[in-house]
Amino acid sequence: MNFFHFMMANRQQVLELTLEHITLAGVATLLAAAVGIPLGILITRVPRLSKAVLGSANIVQTIPSLALFGFLLPAPWIGERAGRIAILALALYALLPLIRNTYAGIQGVDPAVVEAGRAMGLTDRQLLFQVELPLASGVIVAGVRIATVVSIGLATIAAAIGAGGLGEFIFRGLAMVNNEVILAGAVPAALLALAADFMLGRLERRLGTLRSKS
Amino acid sequence: MTAPLTNATAIEFDHVSFRLNGRALLEDLVLSVKAGETLVLLGRSGSGKTTTLKLINRLLLPTAGEVRVNGTSTADWDPIKLRRSIGYVIQDGGLFPHFTVERNIALVPRIENWPRERVAARVRELLALVGLSPELASRYPSQLSGGQRQRVGVARALAADPGILILDEPFGALDPITRSEMQKEFRALQQRMQKAVIFVTHDLREALLLADRIALMEAGRLIVDLPAAEFPRSEHSLVRAYVEAFSSLPDSRLPDSCATARLA
């Protein structure tokens, strides 16, 4: 009951931190998509790069998240603002599912369909935009979904370097040994992740039925 | 598109070989097809039939010799232009699953920027030509039967009225009755169209029904290239083996079988 009282009493701050949290995770995911999806496409075109690209994205994932935030502190320009560090770190984590799913989605398109397109005189660009990407879109959105959920979860740690977000409540609650305050951060963060997962899951299923219309 | 001159050579294989990783998939092929003529490439799997087709629309380039389409080597053709001037039909249609029937058929006209009304008119015309109801235009390939998909595949290949049509075992995945219907309709269609047609199959009966000439291939080599009527009488041992394999099928004894009609 105390949890609800706390939420109501601090609803202004809960709302602010939630919006901050959405901004951190949202901008990071968009940034990761803007880099990761083209990279995923690139390695289907230049296969000899695929090992290096997927390998690097994999290594980034193995760095403990708190350490990655710390590593970025001395970076020029980025290190000046906590928000920038947080967004960059989150984007780096979101990169792997985006690259991997874009790559796997395009590789998974029926080769007979791709060859039919080529044989009919589609240019590489037309083949990519009219055939491969639409048919891979379900798998790519699945990657966006994973990246978004991971970003929303990890963004709670951004508060450790002063970047704000719902992690503020969690860290404050930990310091105060007060579960209500921890929950005021954790519950909205979990709800955000569930909502994003649900919405992107619906989009993914809709695009998936498009793909299976074969 | 200009109407093809009769007797003009549309496709010419001039001592063409194709090797992949040191293995010869095609060896010294000499073959030509004229406008208005239907050549059937007959042979078992791995004999080089599909490789031969892919050399025509430059999905592959020869490692020796030259393939000429309308007098120009495929190596000198702009591959995009070349492919848009050749209709290509593959097994089970190879349709785009995310496009409706209409968009599948209209693919080449659309990328060639035909005006919208002309594309729509062409789609209606082609649906009628391949015997499909106009109501199917808004369906997706998964909502069609195998025979309907194959008809859409043929319509798509004919969309921009190419002078050359190449077909890779187009009716191979169909049930026998639908296949037989499609073969008869295709024969009628082809007599009206006057295109240069290369048709790949491993079915002798289909070859005898559709071909003006039959080229038998084996292990990347052309064995014989004969007018369809003379083919069953050839003394070549491989031709004999083929004819025997098909005449030993029980249904070829049926009186209305096309094979027995042609073989007699």
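Two strands count as paired here if DSSP finds at least two bridges between them. Helices (H or I, at least four residues) and strands (E, at least two) are themselves DSSP runs, numbered from the N terminus. With that in hand, look at the hairpin of E1(B) and E2(B): two residues sit between the strands, and B:Asn21 takes a positive phi near 50°.

Before going further, a word on the model and its labels. This is a predicted model, in which local features need pLDDT of at least 70 and side-chain atom pairs count only at pLDDT 80 or more, while totals for chains, interfaces and linings use all residues. Residues are numbered from 1 along each chain as its sequence is written, and chains are lettered from A and ligands numbered from 1 in the order in which they are written.

Back to that hairpin. Strand E1 (residues 9-20) of chain B pairs with E2(B) in the antiparallel sense, over eight bridges. At one point along the pair, B:Leu20 stands opposite B:Arg23 in E2(B); at another, B:Glu12 faces B:Ser32 in E2(B). E1(B) also runs antiparallel to strand E4 (residues 64-69) of chain B, joined to it by five bridges. There, B:Asp14 has B:Glu66 in E4(B) as its bridge partner. Put together, these strands belong to an open sheet of four, in the order E2-E1-E4-E5 (chain B), with antiparallel pairing. Its edges are strand E2 (23-34) and strand E5 (72-73) of chain B, each of which pairs on one side only.

Chain B has another open sheet to find, this one with six strands in the order E6-E7-E8-E3-E9-E10 (chain B) and mixed pairing. Strand E6 (86-90) and strand E10 (221-227) of chain B are the edge strands. On average, and ignoring direction, neighbouring strands of this sheet are turned by 15° against each other. Helix H6 (residues 146-158) of chain B packs on the sheet, touching E6 and strand E7 (164-168) of chain B, and its direction makes about 165° with that of E6(B). (Axes are lines fitted to C-alpha atoms, for helices over the stretch in contact, and angles run from 0 to 180 degrees between N-to-C directions; two residues are in contact if their C-beta atoms, placed from the backbone, lie within 7 Å.) For a parallel pair, try strand E3 (residues 38-42) and strand E9 (residues 213-218) of chain B, which share four bridges. B:Leu42 stands opposite B:Leu216 in E9(B).

Now swing over to chain A, which has nine helices and zero strands. Its C-alpha atoms fill a box of roughly 65 × 40 × 25 Å, taken along the principal axes. Among contacts in chain A with a separation of 6 or more, 72% join residues 24 or more positions apart.

A good pair of helices to pick out is helix H2 (residues 11-45) of chain A and H7(A): their axes come within 10 Å and cross at roughly 145°. Where they touch, residues of H2(A) including A:Ala25, A:Ala28 and A:Ala32 meet residues of H7(A), among them A:Val144, A:Ala147 and A:Ser151. The residues of this contact divide into eleven nonpolar, three polar and no charged. (Ala, Val, Leu, Ile, Met, Phe, Trp, Tyr, Cys and Pro count as nonpolar, Asp, Glu, Lys and Arg as charged, and the others, Gly among them, as polar.)

Zoom in on A:Ala32, in helix H2 of chain A. A:Ala32 counts as buried because 30 other C-beta atoms lie within 10 Å. (The cut-off for buried is 20 or more other C-beta atoms within 10 Å of a residue's own, with 12 or fewer for exposed and partly exposed in between; C-beta atoms are placed from the backbone.) Leaving aside neighbours within four places in sequence, A:Ala32 is in contact with A:Ala91, A:Ala94, A:Leu95, A:Leu98 and A:Ala147. The C-alpha atoms of A:Ala32 and A:Ala94 are separated by 5.9 Å, although the two residues are 62 apart along the chain. Beyond its own sequence neighbours within four places, A:Ala94 also contacts A:Val150 and A:Ser151, among others.

Finally, the two chains meet: 17 residues of chain A are in contact with 17 residues of chain B. The largest share of chain A's side, five residues, comes from H6(A). That side divides into ten nonpolar, four polar and three charged residues.
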